[in-house]
Amino acid sequence: PITAAIGDGANDVPMIQEAQVGIGIAGREGRQSVNNSDFAIGQFQYLQRLLFVHGRWNYLRACKYTLFTFWRNMLQVLIMFSYT
């Protein structure tokens with residue numbers, strides 16, 4: 001599973017660095033989380049769009065990869081049967 005860490009201060013930096021996807025929110029507590037994150041946003045209200053858009057893109061990529069793997073394996077099996 002892919003983990004996403006969301007933080008808005010210096011105390012969240014280790015959590016952001018451990019996760020596969022780090023999201024830093026610029027705020028009053030400083031920019032340490034933004035400097036150490038993969039994605040930086042200005043306010044919490046932008047978080048929903050970020051998660052939905054990138055989540056959908058990730059889902060579509062995973063579906064395409066799964067279908068590609070399935071058809072590639074089917075083609076390999078057909079080639080093996082035709083040469084034996």
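## Exercises on a predicted model

Met74 is placed in helix 3. The structure is a predicted model, and the exercises below are to be worked on that model.

### Exercise 1. Surface classes in helix 3

Task: Determine whether Met74, Trp71 and Leu50 are buried, partly exposed or exposed.

Solution.
- Step 1. Recall the cut-offs: buried means under 20% relative accessible area, exposed means over 50%, and partly exposed lies in between.
- Step 2. Met74 has a relative accessible area of 38%, so this residue is partly exposed.
- Step 3. Trp71 also belongs to helix 3. Its relative accessible area is 57%, and Trp71 is therefore exposed.
- Step 4. Leu50 is a further residue of helix 3. Because its relative accessibility is 14%, Leu50 counts as buried.

### Exercise 2. A nonpolar surface patch

Task: Identify which residues make the nonpolar surface patch of about 460 Å².

Solution.
- Step 1. Begin with Met74 and Trp71, both of which are among the residues of the patch.
- Step 2. Complete the set with Leu67 and Phe70.
- Step 3. Check one criterion: patch residues must have over 30% relative accessible area. Met74, at 38%, satisfies it, as does Trp71, at 57%.

### Exercise 3. The largest pocket

Task: State the volume of the largest pocket, list its lining residues and find which element gives the most to that lining.

Solution.
- Step 1. The volume of the largest pocket is about 290 Å³.
- Step 2. Its lining consists of Ile2, Thr3, Ala4, Val21, Ile23, Phe39, Leu50, Leu51, His54, Gly55, Asn58 and Arg61.
- Step 3. Two or more of these residues come from each of strand 2 (21–25) and helix 3 (47–83).
- Step 4. The most is given by helix 3, which supplies six residues.
- Step 5. Sorted by character, the lining has seven nonpolar residues, four polar and one charged.
- Step 6. Leu50 and Ile23 both line the pocket. Their C-alpha atoms are 9.6 Å apart, although 27 residues separate them in sequence.

### Exercise 4. Sequence separation and spatial separation

Task: For the pairs Ile6 and Asp38, Trp71 and Phe39, and Asn35 and Ile25, set the separation along the chain beside the C-alpha distance.

Solution.
- Step 1. Ile6 lies in strand 1 (residues 4–7) and, at 33% relative accessibility, counts as partly exposed. Ile6 and Asp38 are 32 residues apart in sequence, with 10 Å between their C-alpha atoms.
- Step 2. Trp71 and Phe39 are likewise 32 residues apart along the chain, yet their C-alpha atoms are separated by 34 Å.
- Step 3. Asn35 is part of helix 2 (residues 32–35); its relative accessible area is 60%, so Asn35 is exposed. Ile25 is 10 residues away from Asn35 along the chain, at a C-alpha distance of 9.9 Å.

Definitions and conventions
Residues numbered from 1 in each chain as written. Predicted model: local features only at pLDDT ≥ 70, side-chain atom pairs only at ≥ 80, totals over all residues. Heavy atoms only, no water. 1 Å grid on protein atoms, 1.4 Å probe; cavity = no way out; pocket = protein on both sides within 12 Å on 5 of 7 lines; lining within 4 Å. Points joined across faces, edges and corners; volume = space filled by probe spheres on them. Helix = DSSP H or I, 4+ residues; strand = E, 2+ residues; numbered from the N terminus. Nonpolar A, V, L, I, M, F, W, Y, C, P; charged D, E, K, R; others polar. Patch = residues over 30% accessible without salt bridge, like charges linked within 9 Å, V, L, I, M, F, W, Y side chains within 5 Å. Areas by Shrake-Rupley, 256 points an atom, 1.4 Å probe, with all protein chains shown as cover. Salt bridge = Lys/Arg side-chain N within 4 Å of Asp/Glu carboxyl O. Buried < 20%, exposed > 50% of the residue type's maximum accessible area, 1.4 Å probe, protein only.
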